[in-house]
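Work through the exercises below with the sequence and the coordinates side by side. Each task sentence is followed by a solution that goes step by step.

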Amino acid sequence: MSFVVDQIRRIDSQLDRLQLSTTQAGGSFSTLTAEEAYDPAKTARIAHLQNLIKSLSTTTSSKLSLVPGYRILETLQRAELSSSCATCTQWFAQDASGQTDDDETRENASYEHELEWLLLSKATAQVYGQVLNTILEQTIPLEDDIWYWDDVLSTYRFAGLYSIQTSPIRLWNWSQEIYRDVRSRGGHLADGWTQFYALVKDSVQQRSMANIQRRVVSPLAMVRNEGRRKRAALKKIRLVNANALGVLLGEGLSNDSIEGDGTQTPGLLGAQDNNHRWKSVVCKTIALMDAVIQSVNTAELSIDKFEDSVANITQDDQYYELHEPSGERTATTLKPRDVAGRLQNLLNHALPTYTTNFNAVVKDNGRPSRLIRYWLPATILLVSSTTIFRIILNRREEMLIWIREFGQTVIDFWSNWVVEPMKKVIGTIRHDEDSEVSIMSKRSLETDRASLERMVVDFAIKNPEGAALNESQIADIRAKVREGDLTAVLRSYEKDIQSPVKGAIIGNLASALLIQVQKTKVDVELAMSGIDSILKSQELLFGFIGLTPGVLVSMGVYRWMMGVFSSRKGVQQWARQGKLLLVLRNIDRILTSATPTEFGEISYQDHGLLLCEVHSLRQAASGILPRRIFHDCLVEVDELVDVRSGLDRQQKVVDRIREDSFTPSFITTIGIDFKIRTIELDGKRVKLQIWDTAGQERFRTITTAYYRGAMGILLVYDVTDERSFNNIRTWFSNVEQHATEGVNKILIGNKCDWEEKRAVSTEQGQALADELGIPFLEVSAKSNINVDKAFYSLAGDIKKRLIDSARTDPAAGPKVDVGQTGDANGGGMGGKCC
């Protein structure tokens, strides 16, 4: 969205607030007469006009910035404005018959008549936007063409390149001159080639070879002269368009919109003599647009005569002559149908004629077309295309084989060095069935342990050492078996082994031996499980070693590709930021070189140039700044383009945008932040070293170390946060404890412009400052209120203290020469503010 769209929306919103009704005797408002309310034709006509008015409003669609010209024409045609309404019939019939038209005899305008004027006002606002936008969009690209000719004139390399690029055109023009000269002598190909060639030879000989060489072979001097001429023509049309923009903004609807009363109807306030002012402003704007376009289309008009030309044209224009504060003459003299006809003429003839003339001038004086600039490399490519195609056809098989092998190599690398090693590592971790390292099955150890447990429990139940075993004793035996304790079995084995034969026949020796064999098997499996774990860890190690090269290569390729694309984005971002800085420099250059009028305002020409740069600034900032910060930037831009704020204020706005810009989003200070600012204090250059300390508790140890040696300290709280105000006493005690004795201090209340959110009053801040015995000041970083004053005040107090200290005790205090002008290498006063 551009500045023009903002202006049209502002004008349109003021038109929407117009009150078309009149106050009747009795104090009630009447929007329709009885005839209009009960006549179906009148009611349908009014509804039709209301729909057309709504279609021309900028609020009907957020997608369309401005209503296109063809839709405006279509709407005016559909309105079918005529002189048949009751008001036109009465008013203009009286004028035609020579009757008086005093206010006492003239009735109030009908609601239908007022709607027709409102429709014309909406259409005029949209046409006004179309004219502004057309001139603006055609003026801004001229800067690129001017830069092109600057490059051609700056170096012989660009001049030579341009000479080569345009040499076919000059050769063709020279050939055309020879041919016309021969034709003027009566030469025709029909008379014979010999005679025609003789005439051509004579014509060429008359033009010296030196002239041919200068104009065709080495025309650098001619090229530079051509560049100067075309650059001058482009600069002229750019300044003329800038003048046109400035006049339209300074004298048209935008001016009355800014003033605030141009399109207001004070009929509800009882001032019946001014209730037609908005009609007068609309007609004045129509005449102004017509005069501006006529002046721009005058090719021989000089830049300094533009405003005079517009004044002369409007002086003889009835629409402009009728302009007066009340607007009564406009409303009673001009018919809505005639006004609509003039608007249609603007869209159908004046604006297209301007566009055609402008494009013709740019075509003649702008940079050459792409065909001219790139015909040489295109010709080389075309000539060498047969060789390139021949190479491709002859090596087609080799290229296809190379592409297939490259693709297969990538696939094999990814499969063998990334996918397969990854599968092996995952398989080793999960101990799959296909794992290459597996000494024993996954469930072998658990099965043998369960079998041993059952054998021991059955043996203990069959051979109890006393009464039968209960459940708790059986559970205890199970737990001992899991720990490897077979005491019940070993006791029976020791008893039976004393008489092996008897124990084998009638005892439990065989069962005990089998249980011990099972126990040995379980122990062996436990040992094997440990070995298996060691082998699995080694397999994981080698698996990761095998996976590492593939991962590293893949990461390298990925980072390289990301670097390629991110660097391209970085270059584009850098280009946008560079354009933003360049636009700011152009704005500063325009305001610096501008000569203010007696009212402190810049001229129409400078205002137009400023508008072009501001439009470019908005476009560049919209692609760089975050959405919230961009909306805050728009506030600064609107203030910058307001010519009635004065040149001094506009320059301060540029300084605030460029250097002391405020953004609502911030990054919390981590530890310490640092900045140097050089100011002029009492005619001396003073360098301030400003230290911003973090307010969080976790940084308290770090920040207190910077108190020592600080010459001045600003204690800052937020006027919208009472907690920050209550913490000032804590900060003050820390300063008294860690800072140098006698250090200058000042209490600062920030965000003083946020009155609706204020939680700490000015009186509370002043009372706390009096209690602590330090100065007090409220500031606003966003609105730039008292920010400079705070630092200048503190720096002045520091300087005064150091001078007084040096007079009373020359040997005491820091060695600072406060009388010498400071510079970047030292010698100045250093102010450290925490």
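The exercises move from the whole chain to single residues.

The model is predicted, so that local features need pLDDT of at least 70 and side-chain atom pairs count only at pLDDT 80 or more, while totals for chains, interfaces and linings use all residues. Residues are numbered from 1 along each chain as its sequence is written, and side-chain values use heavy atoms, with hydrogens and water left out.

**Exercise 1. The whole chain**

Task: State how many helices and strands the protein has, and what percentage of its residues count as buried.

Solution: Begin with the secondary structure, taken as DSSP runs numbered from the N terminus (helices are H or I over at least four residues, strands are E over at least two); the protein has 33 helices and 8 strands. Next take burial, where buried means under 20% relative accessible area, exposed over 50% and partly exposed in between, with a 1.4 Å probe and protein chains only; of the 834 residues, 38% count as buried. The accessible surface, computed by the Shrake-Rupley method with a 1.4 Å probe, comes to about 47700 Å², and 55% of this belongs to carbon and sulfur atoms. Finally, turn to contacts, which are heavy atoms within 4.5 Å: among those between residues at least 6 apart in sequence, 74% join residues at least 24 apart.

**Exercise 2. An annotated span**

Task: Find which residues UniProt lists under "transmembrane region", and describe the conformation of residues 374–393 in the model.

Solution: The unreviewed UniProt entry lists residues 374–393 and 540–561 under that heading; such positions are given in the numbering used here, feature names are shortened, and annotations may be inferred rather than shown by experiment. In the model, residues 374–393 are 95% helix and 0% strand, and the end C-alpha atoms of this span lie 27 Å apart.

**Exercise 3. Aromatic rings**

Task: Classify the ring pairs Trp402 with Phe406 and Tyr717 with Phe725 as stacked or edge-to-face.

Solution: The structure holds 6 aromatic pairs, a pair being rings of Phe, Tyr or Trp (its six-membered ring) with centres within 6.5 Å, stacked if the planes are under 30 degrees apart, edge-to-face if over 60 and tilted for the rest. The centres of Trp402 and Phe406 lie 5.6 Å apart with the planes at 10°, so this pair is stacked. Both residues belong to helix 20 (residues 396–430), where they are 4 residues apart, about one turn of the helix, and Trp402 counts as exposed at 56% relative accessibility. For Tyr717 and Phe725 the centres are 4.9 Å apart and the planes stand at 70°, so the pair is edge-to-face; both Tyr717 and Phe725 are buried. Elsewhere, Tyr148, Trp149 and Tyr162 form one aromatic cluster.

**Exercise 4. Salt bridges between distant parts of the chain**

Task: Locate the partners of the salt bridges Asp6 with Arg618 and Arg758 with Glu778, and decide whether each partner is buried or partly exposed.

Solution: A salt bridge is a side-chain nitrogen of Lys or Arg within 4 Å of a carboxyl oxygen of Asp or Glu, and a search of the whole structure finds 20 of them. In the bridge of Asp6 with Arg618 the closest N and O atoms are 2.7 Å apart. Asp6 lies in helix 1 (residues 3–16) and Arg618 in helix 26 (residues 604–622), so that the pair links parts of the chain 612 residues apart, and both residues are buried. The side chains of Arg758 and Glu778 meet at 3.0 Å, N to O, with Arg758 in the loop between strand 6 and helix 32 and Glu778 in strand 7 (residues 776–778), 20 residues apart. Arg758 is partly exposed at a relative accessible area of 21%, whereas Glu778 is buried at 12%.

**Exercise 5. Lys751**

Task: Describe the salt bridge of Lys751 and its phi angle.

Solution: The side chain of Lys751 meets that of Asp718 in a salt bridge of 3.1 Å, N to O. Lys751 lies in the loop between strand 6 (744–750) and helix 32 (762–772) and Asp718 in strand 5 (residues 712–718), so the pair ties together parts that are 33 residues apart in sequence. Lys751 is partly exposed, with a relative accessible area of 32%, while Asp718 counts as buried at 16%. The phi of Lys751 is near 65°, a positive value in a residue other than glycine. Asn786 likewise has a positive phi of about 65° without being a glycine; Asn786 is placed in the loop between strand 7 and helix 33 (787–808).
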